[in-house]
Amino acid sequence: MQDLTLVGVRLLHALVGDADNGLLLVGDGQQAVYPGGFRLSDAGIDVRGDRGQVLRKNYRNAKDILDAALTVVAEDSFDDIDGTPTTGRRDVDPAYGDGRVIRCTTATRAEHDAALVAALHDLGREAWPDSAVLCRTGTERDRYLRLLTRAGITAITLEQYDGHPVPGVKLGSYHRAKGLEFKHVHLPDHDAPATAGTGDGADDGVARERRELRRSQLFVAMTRARDTLWLGSVTRR
């Protein structure tokens, strides 16, 4: 429910009222990737006491991948239940195994792109249908689609993907990948600085919210991976 609007939650509540077991809400504050936000109490919903529970079992991500993702949001605070702020480095019980986090740092964009192509070739064609390359924007997605096509790697965008098995690597933005999961996930240039002119250098509330949103978006992208997470970086002087 982290991506519902306050109006949407109020509408759901109005449909069922306060009837016992009338409304079941499941959400994850760490995966809120849109500006703004609200508390359930703002919608007239009280989940304090035994009406709310925090789920701590993770069935998707290998332990090393989950640890790496939690490190990104370790300094941020989230509300799992109204009035119960939780630190980003929360207590989670992974049930999936160990997995691998591969960090690739290069001096130039060309070397970075070559390393991404090599990593996908190393996986092998049989692994491409359960692999994804996720980018921050649609423009970046289109650039990497052209890159993979030139390299002879079959690829399809998430806009074209309907959930049925298809050959090829999936490409999409962090936002588009929400709700999906893949055995192997590649995040090219994942730690690039924010676009100039966004005002993020300021220390006001708006800039802080933007930084937190970027970290939440990266957290979402990283946690799409089950077994392998490839993190690409380009060294910037």
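**Entry 1: pairing around β8**

Before looking at any partner residues I wrote down that two strands pair if DSSP finds at least two bridges between them. I also reminded myself that I am reading a predicted model.

With that in hand I looked up strand β6 (residues 131-135) and found that β6 and β8 pair in the parallel sense over 4 bridges. Within this pairing, Leu134 stands opposite Gly172 in β8.

I then turned to the other neighbour that I had noted for β8, which is strand β7 (residues 155-157), and here 3 bridges join the two strands, again in the parallel sense. Ile156 has Lys170 of β8 as its bridge partner.

Is β8 mostly covered, or is it mostly open? I found that 5 of the 5 residues in this strand (residues 169-173) are buried, and I recorded it as mostly covered. Val169, Leu171 and Ser173 point one way from the strand while Lys170 and Gly172 point the other way, and all of them are buried.

**Entry 2: β9 and β10**

Next I followed strand β9 (residues 182-187), where 5 of 6 residues are buried. I found 3 bridges that join β6 to β9, with the two strands running parallel, and Ser131 stands opposite His184 of β9.

I also noted a pairing of β9 with strand β10 (residues 225-234), which is parallel and runs over 5 bridges. There, Val185 of β9 stands opposite Leu229 of β10.

When I looked at β10 itself, I saw that 10 of its 10 residues are buried, so the strand is largely enclosed by the rest of the structure. Strand β5 (residues 100-106) is joined to β10 by 7 bridges, and these two strands run parallel. The bridge partner of Val101 in β10 is Leu229, the residue that I had already met opposite Val185.

**Entry 3: the largest nonpolar core**

Which residues of the largest nonpolar core touch the most other members? The core has 23 residues, and I wrote down Leu134, Tyr174, Val185, Leu187, Met222 and Leu229 as the ones with the most contacts to other members. The elements that give two or more residues to this core are α2 (63-72), β6, β9, α5 (205-222) and β10. The largest share comes from α2, which supplies 5 residues.

**Entry 4: a nonpolar patch on the surface**

I then looked at the outside, where Leu4, Leu11, Leu12, Leu15, Val16 and Leu23 form a nonpolar patch with about 500 Å² of accessible area together. I chose Leu11 as my example, and I placed this residue in helix α1 (residues 6-16). Leu11 has a relative accessibility of 53%, and it therefore counts as exposed, since the cut-off for that word is over 50%.

**Entry 5: Asp189**

Where does Asp189 lie? I found it in the loop between β9 and α5, and I noted that its phi is positive, about 50°, although the residue is not a glycine. Its relative accessible area is 4%, so I recorded Asp189 as buried.

Asp189 also forms a salt bridge with Arg109, and the closest N and O atoms are 2.9 Å apart. This pair links distant parts of the chain, because Arg109 lies in helix α3 (residues 109-123) and the two residues are 80 residues apart. Unlike the buried Asp189, Arg109 counts as partly exposed, with a relative accessibility of 33%.

**Entry 6: other salt bridges and the cysteines**

How many salt bridges are there? The count comes to 9. One of them joins the side chains of Arg136 and Glu140, at 2.7 Å from N to O, and Arg136 is partly exposed at 27% relative accessibility.

In another one, Asp142 pairs with Arg141, and the closest N and O atoms are 2.9 Å apart. Asp142 is partly exposed with a relative accessible area of 31%, whereas Arg141 counts as buried at 14% relative accessibility. I also noted that Arg60, Asp130, Glu181 and Arg226 are joined into one network by salt bridges that share partners.

Finally I looked for disulfides, and the count came to 0. I checked the cover of two cysteines as well: Cys104 counts as buried at 16% relative accessibility, and Cys135 counts as buried at 1%.

Key:
Residues are numbered from 1 along each chain as its sequence is written. This is a predicted model: local features need pLDDT of at least 70, side-chain atom pairs count only at pLDDT 80 or more; totals for chains, interfaces and linings use all residues. Side-chain values use heavy atoms; hydrogens and water are left out. Buried means under 20% relative accessible area, exposed over 50%, partly exposed in between (1.4 Å probe, protein chains only). Patches are made of residues with over 30% relative accessible area and no salt bridge: like charges are joined within 9 Å, nonpolar side chains (Val, Leu, Ile, Met, Phe, Trp, Tyr) within 5 Å. Accessible areas come from the Shrake-Rupley method with a 1.4 Å probe; for residues, only the protein chains shown count as cover. A salt bridge is a side-chain nitrogen of Lys or Arg within 4 Å of a carboxyl oxygen of Asp or Glu. A disulfide is a pair of cysteine sulfur atoms within 2.5 Å. A nonpolar core is a set of buried Ala, Val, Leu, Ile, Met, Phe, Trp, Tyr and Cys residues joined through side-chain atoms within 4.5 Å.
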